[in-house]
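Me: Please take one part of this predicted model and go through it closely, with the cut-offs behind each term.

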Amino acid sequence: MSQPLRLDRLPRTVELERDGDGRACFAYVDQRLLPGGLSVARTHDWRVVVRAIETLAVRGAPAIGVAGAAAVAVWACNEGASEAASHGCAEQGSRFWELLESIAERIAGARPTAVNLAWGVGRVATLAREVLREGALPSEVAESLFSQVKRMEVEDEAANRAIGLHGAALLPEGARILTHCNAGSLATVFYGTALGVVYAAAERGGIERVYADETRPVGQGARLSVWELSRAGVPTTLICDGMAASLMAKGQVDAVIVGADRIAANGDVANKIGTYGVAVLAAEHNVPFYVAAPTSTIDFSISDGSLIPIEERDPSEVLPCPIEGVNVWNPAFDVTPARYVSRIVTERGVFLPHELAE
């Protein structure tokens, strides 16, 4: 690299905090405003967290997993404990759990494809149920949930750094990488999955350049990946989605690295729409196609990718000004069959797709 890696210039994407009054507060980088401006929003309202996830202010599978858990904790600390306390002592626990179940279901349903959201919500809900069974008061449960989310933040960064080290070992010196969408620090609490591999390789001087697909229709590559890569000091070139084939044909790509929103038990991978096409191109040009994701993204309850629910988003993302007689199909994700995936990189190591279940 021509300049040292500057990860200190990347913000923490999501974080559960305490404000001056001791209330739980969720802080997040509003990614809708990037690359024009870096803004950290804060809220005491779990509903605002849900809306941030739905509108892509917070996005990326690991980040929304932690955000979903944080939304439950924010409700528990700021509303749930006090509302339950208005009931009789014998009823407090059952009322708290009844409310938590309903709110957790609402949060987990904010985006259906990324399994990390349901995983994060489920993790804190399970803890709440266990602590309540032990006789804890709702206020004590709320504190336990807050602490659990803080642990999840630490675990996420540690997992990402481990993914980075495992993935970097797959790359040649001076690697030229193509990536699609944003699976960088902005998609996680900090560091990133696919771009975590890039950062780990860059720290040892092993990255010549990253080519980032713009990733239509919302432009996560054009708005987010190139912003954080350039901010961190990684040589970066932005390309339109339709340019990837020509770039590979010229021999300019040594590996493709992408993230994932859900991985089925057989190794099929759901990721941002357009990923499937990139994988097919990589196979045609004998370019390795790597998927980097934490184990929390693997859904062993789903045998293959055909069972992964695919979110369809508002047509205005594709056609801001409607044209009479024109329909819009806007799936947010597609599924790449396992046969196109060279390796899946997790915090536990590197696997062939069929090895996941083993």
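Reply: The part chosen is an open, antiparallel sheet in which three strands follow the order S1-S2-S3 (strands are DSSP E runs of at least two residues and helices H or I runs of at least four, numbered from the N terminus; strands pair when DSSP finds at least two bridges between them). Because strand S1 (14-18) and strand S3 (40-43) each have a single partner strand, they stand at the edges, and one side of each lacks a neighbour in the sheet. Between neighbouring strands the average turn is 25°, direction ignored. Strand S2 (residues 24-29) is joined to S3 by four bridges, the two running antiparallel, and Ala27 has Arg42 of S3 as its bridge partner.

Across S1 and S2 lies helix H5, running at about 145° to S1 (axes are lines fitted to C-alpha atoms, for helices over the stretch in contact, heavy atoms within 4.5 Å, and angles run from 0 to 180 degrees between N-to-C directions).

H5 (138-168) also leads to the largest pocket, where helix H2 (61-85), helix H4 (115-133) and H5 each supply at least two lining residues, the largest share, four residues, coming from H5. (A pocket is an open set of points on a 1 Å grid over the protein atoms alone where a 1.4 Å probe fits, with protein on both sides within 12 Å along at least five of seven lines; lining residues have an atom within 4 Å of a point.)

Residues are numbered from 1 along each chain as its sequence is written. Local features need pLDDT of at least 70, side-chain atom pairs count only at pLDDT 80 or more, totals for chains, interfaces and linings use all residues, and side-chain values use heavy atoms, leaving out hydrogens and water.
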